[in-house]
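Open the structure in your viewer and keep the selection tool at hand. The tour below goes from stop to stop, saying what to select and what is there.

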Amino acid sequence: METARANLLEEAVGVSKGGRVVVVEDCVETSGAFVLHHYLKRSLHPDSSDVVVFIAFAHPFSHYERILRKMVSSRLVINGREAREDGLLALYGEIEKAVEIYSSLEGSRTITIMIDDVSLMEVAANGSSNHVLDFLHYCYTLRAKYGCSFVTLNHEDIYSSANMLPLILQSEYLADVIIKAEPLATGLASDVHGQLTVLNKESVCDLGGGSISKVRNFHFRVKESYVDYFYPGTQT
């Protein structure tokens, strides 16, 4: 049932043979945390040998344990809150060490680095967006070296000042897939919690004289144990 309900998101995101960078953006009115949870379940289903290195800034470990406890695949949760004292450089050292260890093991597996969430990393960097950008670039190098995937959650609407804008623009530039969770343009609805816009740079439409990346837009409704994805007007 979960697979059937997630078809629209899966189709929009697609499948990549190598590592990819996925940026999830949300806002105060509409949380995108459920997309991060979807990627966790996608990477750590019971038959998978994949590995997730999860860096938690937004919540304590107990919050994620409820999601992870039924998953038997490998995962490593690094508490980003506790990493503040040593700074982002030490945090990157932990991530790099974990990726090196899992990459050296026998068998084929995909390693995914997840961060929840980038906006709270600035607290660890004492408010320096440049340090956060440096940290993200370090993580991107692991993609090139080990074929890792990289998934981040970020709050787009907090970057209103000019000095903060480069962080989200650079993240979008480096992303292969951008997923935006937004409120409905028509306002609140009891049966629809928001809309997702998925820009997949790896999937293009041929326009004859050129091509553009595919963009898909659909609604979602978050329930207790799953999320419904559907096109506007298709729910009764």
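Begin by selecting strand 4 and strand 5, which run parallel and are joined by five bridges. Keep in mind throughout that this is a predicted model. Within this pair, look for Asp-116, whose bridge partner in strand 5 is Leu-153.

**Stop 1: strand 5 and its other neighbour**

Select residues 149-155, which make up strand 5. How many of its seven residues are buried? Six of the seven are, so strand 5 counts as mostly covered, buried here meaning under 20% relative accessible area. Now add strand 1 to the selection: six bridges join strand 1 to strand 5, and the two run parallel. To find one of the contacts, pick Val-21 and look across to Phe-150, its bridge partner in strand 5.

**Stop 2: strand 2**

Go back to strand 4, residues 111-116, and add strand 2. These two strands pair in the parallel sense over six bridges. Select Val-51 and you will find Ile-111 of strand 4 standing opposite.

Next, hide strand 4 and look at strand 2 alone, residues 51-56. Six of its six residues are buried. Which residues lie on each side of strand 2? On one side are Val-51, Val-53 and Ile-55, and on the other are Val-52, Phe-54 and Ala-56. Both faces of the strand are covered.

**Stop 3: helix 3**

Select residues 33-43 to bring up helix 3. This helix is mostly covered, with nine of its eleven residues buried. Colour the buried ones: Ala-33, Phe-34, Val-35, Leu-36, His-37, His-38, Tyr-39, Leu-40 and Ser-43.

**Stop 4: helix 8**

Helix 8 spans residues 165-174. Its buried residues are Leu-167, Ile-168, Ser-171 and Glu-172. Why do these residues line one face of helix 8? Turn the view until you look down the helix axis: the buried residues fall within an arc of 125 degrees, so they line one face. A general rule helps here: an α-helix has 3.6 residues a turn, so residues three or four places apart point the same way.

Now pick Leu-169, which also sits in helix 8. Is Leu-169 buried or partly exposed? At 47% relative accessibility, Leu-169 counts as partly exposed. Use the distance tool from its C-alpha atom to that of Glu-156: the two residues are 13 apart along the chain, and the separation is 10.0 Å.

**Stop 5: the cavity**

Keep Ser-171 selected and add Val-23, Val-118, Tyr-140, Thr-152 and Asn-154; together these residues line the largest cavity. A search of the whole structure finds one cavity of 30 Å³ or more. The volume of the largest cavity is about 30 Å³. What classes of residue make up the lining? There are three nonpolar and three polar residues, and no charged ones.

**Stop 6: salt bridges**

The last stop deals with charged side chains. Side chains of opposite charge can pair when their charged atoms come close. The count for this model comes to seven salt bridges.

Select Arg-20 and Glu-202, whose side chains meet in a salt bridge at 2.4 Å, N to O. Arg-20 lies in the loop between helix 2 and strand 1, and Glu-202 lies in strand 7, so the pair ties together parts that are 182 residues apart in sequence. Arg-20 is buried, with a relative accessible area of 6%, whereas Glu-202 is partly exposed at 39%.

Return to Glu-172 and add Lys-180. These two form a salt bridge, with the closest N and O atoms 3.8 Å apart. Glu-172 counts as buried at 17% relative accessibility, while Lys-180 is partly exposed, with a relative accessible area of 22%.

Then select Lys-223 and Asp-228, whose side chains meet in a salt bridge at 3.6 Å, N to O. Lys-223 is partly exposed at 34% relative accessibility, and Asp-228 is buried at 11%. Finally, which residues are joined into one network by salt bridges that share partners? Select Glu-25, Glu-172 and Lys-180 to see them.

Definitions and conventions
Residues numbered from 1 in each chain as written. Predicted model: local features only at pLDDT ≥ 70, side-chain atom pairs only at ≥ 80, totals over all residues. Heavy atoms only, no water. Buried < 20%, exposed > 50% of the residue type's maximum accessible area, 1.4 Å probe, protein only. Helix = DSSP H or I, 4+ residues; strand = E, 2+ residues; numbered from the N terminus. Pairing = 2+ DSSP bridges. Arc of directions from axis to C-beta. 1 Å grid on protein atoms, 1.4 Å probe; cavity = no way out; pocket = protein on both sides within 12 Å on 5 of 7 lines; lining within 4 Å. Points joined across faces, edges and corners; volume = space filled by probe spheres on them. Nonpolar A, V, L, I, M, F, W, Y, C, P; charged D, E, K, R; others polar. Salt bridge = Lys/Arg side-chain N within 4 Å of Asp/Glu carboxyl O.
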